[in-house]
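Dear colleague,

I am passing on the structure we spoke about, and below it you will find my notes on what I found there. Please read them with the structure open beside you.

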Amino acid sequence: MRGWADYTAYVEARSPRLLRTAYLFCGDWAQAEDLVQTALAKVWRVWRRISDQPDPYVYRVLVRTYASWRRRHWHGEIPTDFPPEVADPRDAMDAAVDRAVLWAALGRLPARQRAVVVLRYFEDLSEQAVAEAMNCSVGTVKSQTSKALAKLRIDPGLTVHVPAREDLS
Amino acid sequence: MTIHDLHDLLDERSSGAPGNARRMAEIHRRIRRSARRRLAAGALAGAAVLVVAGGLLQWPGDGVTRTTPLTSATTGRPEALTEPPEVFAGMGRVAYGRYNLSGTITRLDVTPQGPDSAIVATCPAGFELLQRTPLAGTRLTRCDTRGGKPAPVPVTPPGEFLENGGPTRLEVAILPEGVAASAYAAIEFGSTSPQAGVDRTSIKLEALLAGQPRKPADWSVAVYSGTCTDRRWCVPVR
């Protein structure tokens with residue numbers, strides 16, 4: 001039987017990592033803290049029933065809570081008459097700028113694609129584990145991952161300049 | 001950009017998380033608050049179930065409505081159902097019942113308050129009201145409607161059903177139109193035989209209702225008693 005002591009130990013051990021995951025979901029530390037606490041409080045209700053490996057269920061609750069918040073809450077997009085400035089890919093961007101652009105592109109991904117990216121490439125979960133966390137099939141995980149990566153690559157800010165043939169000659 | 005870059009970016013961006021020494025206490029508080037909310041919701045749902053169950057047990061079965069004059073405040077009613085007036089043809093309302101199913105017998109014990117009495121029913125189109133009293137026997141009256149809504153209709157004129165001086169039991173039910181006529185014909189012409197030794201009037205009403213499915217239908221019955229003062233309704237010669 002897994003009781004309060006086990007639960008407390010789990011929360012203390014895992015919550016810092018879960019907080020980082022939640023932050024990567026929502027991009028705000030305060031909201032991430034709220035998200036983690038909400039998810040862990042929900043997990044306590046079924047703590048006795050979940051297996052000795054509660055991580056999959058915790059991830060599932062975290063993703064589900066995040067997705068429901070995304071549906072209900074305003075995400076801070078501000079409509080504008082003009083599109084944001086796009087970095088000129090021909091400029092010699094340093095790594096920091098590159099990462100900033102990638103981070104911004106990540107923030108524009110839909111909730112599920114962002115969750116897939118975070119679980120796959122931050123938590124290093126397998127596709128099967130991500131599928132369990134997101135309550136979907138492995139095929140869906142693959143397609144969502146593929147779409148997300150494609151969007152990150154084709155994001156205007158990340159477009160890599162390919163020299164035209166005439167430039168090479 | 002490579003996957004490796006993405007991995008590094010996620011790791012770098014999520015580092016430096018603010019510490020929270022009170023996290024466990026805050027989660028505990030959320031758990032307690034959630035439990036209280038669920039407990040309150042459960043109690044509310046339980047109370048609702050009890051109210052519904054109480055309503056089903058009490059109504060519309062064999063309950064008896066006493067002759068104490070009822071006010072509209074004691075009988076909730078839907079807007080579509082017009083409540084009969086407190087006074088009809090100069091007689092006060094001495095009993096009132098409101099129901100929502102057809103095919104069930106409802107009994108009202110009525111004590112006359114004067115020489116005249118009347119029954120006013122409010123029932124939907126497509127139904128008929130059956131009433132039975134010791135003095136008048138079983139009667140069948142077609143429900144009246146106004147503009148498609150149930151409307152009050154006097155089904156028994158004053159002076160025809162109550163015995164003055166003592167309490168009388170009125171039994172009422174509604175059925176879809178035509179059901180009673182065909183069932184009566186079947187009983188009268190021998191296809192269905194009432195049991196020997198059982199009051200024939202009684203078996204007709206019970207037999208009628210026994211084979212009928214209960215259907216949702218808002219209807220009400222009001223009983224008036226006193227001295228009739230409206231010539232349109234008063235029996236001229238008693």
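Which residues are buried in α5(A)? Before the answer, please keep in mind that this is a predicted model. The buried residues of α5(A) are A:A111, A:Q113, A:R114, A:A115, A:V116, A:V117, A:V118, A:L119, A:R120 and A:Y121, so that this helix, with 10 of its 11 residues buried, is mostly covered.

Chain A as a whole

The secondary structure of chain A consists of 8 helices and 0 strands, and the order from the N terminus is accordingly α-α-α-α-α-α-α-α. Of the 169 residues in this chain, 43% count as buried, while the surface that chain A exposes comes to about 9,500 Å², with carbon and sulfur atoms supplying 54% of it. If one takes the contacts in chain A between residues at least 6 apart in sequence, 67% of them join residues at least 24 apart.

One salt bridge in chain A deserves a look, namely the one in which the side chains of A:R17 and A:E123 meet, at 3.5 Å from N to O. A:R17 lies in helix α1 of chain A and A:E123 in the loop between α5 and α6 (127-134), so the pair ties together parts of the chain that are 106 residues apart in sequence. The surroundings of the two partners can be described separately: A:R17 is partly exposed, with a relative accessible area of 24%, whereas A:E123 counts as buried because its relative accessibility is 11%, and the cut-off for buried is under 20%.

Chain B as a whole

Chain B has 4 helices and 11 strands, and buried residues make up 39% of its 238 residues. Its accessible surface is about 12,700 Å², of which 55% belongs to carbon and sulfur atoms. Among the contacts in chain B between residues at least 6 apart in sequence, 80% join residues at least 24 apart.

Two salt bridges within chain B may help you to find your way around it. In one of them, B:D109 pairs with B:R169, and their closest N and O atoms are 2.9 Å apart. This pair links distant parts of the chain, since B:D109 is in strand β4 and B:R169 is in strand β10 (residues 168-176), 60 residues apart. B:D109 counts as buried at 14% relative accessibility, and B:R169 is partly exposed at 36% relative accessible area. In another, B:E86 forms a salt bridge with B:R93, the closest N and O atoms being 3.2 Å apart; here B:E86 is partly exposed, with a relative accessible area of 39%, and B:R93 is buried, with a value of 4%.

A further place to look at in chain B is B:P115, which sits in the loop between β4 (106-110) and β5 (116-123). B:P115 is partly exposed, with a relative accessible area of 39%, and its C-alpha atom is 8.2 Å from that of B:C228, although the two residues are 113 residues apart along the chain.

Where the chains meet

How many residues of chain A are in contact with chain B? There are 34 residues of chain A in contact with 25 residues of chain B. The area buried between the two chains is about 2,800 Å², of which carbon and sulfur atoms give 66%. On the side of chain A, the residues that lose the most area to chain B are A:Q37, A:R99 and A:Y121, which together account for 23% of what that side buries.

Across this interface there are 12 residue pairs in polar contact, both residues being at pLDDT 80 or more. The side of chain A that touches chain B draws at least two residues from each of α1 (4-26), α2 (29-45), α4 (95-107), α5 (111-121) and α7 (138-154), and the largest share, 11 residues, comes from α1(A). Sorted by class, that side has 22 nonpolar, 4 polar and 8 charged residues.

Side chains of opposite charge can pair when their charged atoms come close. Between chain A and chain B the count is 3 salt bridges, and over all chains the count comes to 9. B:R23 forms a salt bridge with A:E33, and the closest N and O atoms of this pair are 2.7 Å apart.

With best regards

Note on methods: Residues are numbered from 1 along each chain as its sequence is written. Chains are lettered from A and ligands numbered from 1 in the order in which they are written. This is a predicted model: local features need pLDDT of at least 70, side-chain atom pairs count only at pLDDT 80 or more; totals for chains, interfaces and linings use all residues. Side-chain values use heavy atoms; hydrogens and water are left out. Contact means heavy atoms within 4.5 Å. Buried area is the accessible area (1.4 Å probe) that two parts lose on being put together, summed over both. A salt bridge is a side-chain nitrogen of Lys or Arg within 4 Å of a carboxyl oxygen of Asp or Glu. A polar contact is a pair of N or O atoms within 3.5 Å; within protein, one must be able to donate a hydrogen and the other to accept it, and residues adjacent in sequence count only if both atoms are side-chain atoms. Ala, Val, Leu, Ile, Met, Phe, Trp, Tyr, Cys and Pro count as nonpolar, Asp, Glu, Lys and Arg as charged, and the others, Gly among them, as polar. Buried means under 20% relative accessible area, exposed over 50%, partly exposed in between (1.4 Å probe, protein chains only). Accessible areas come from the Shrake-Rupley method with a 1.4 Å probe; for residues, only the protein chains shown count as cover.
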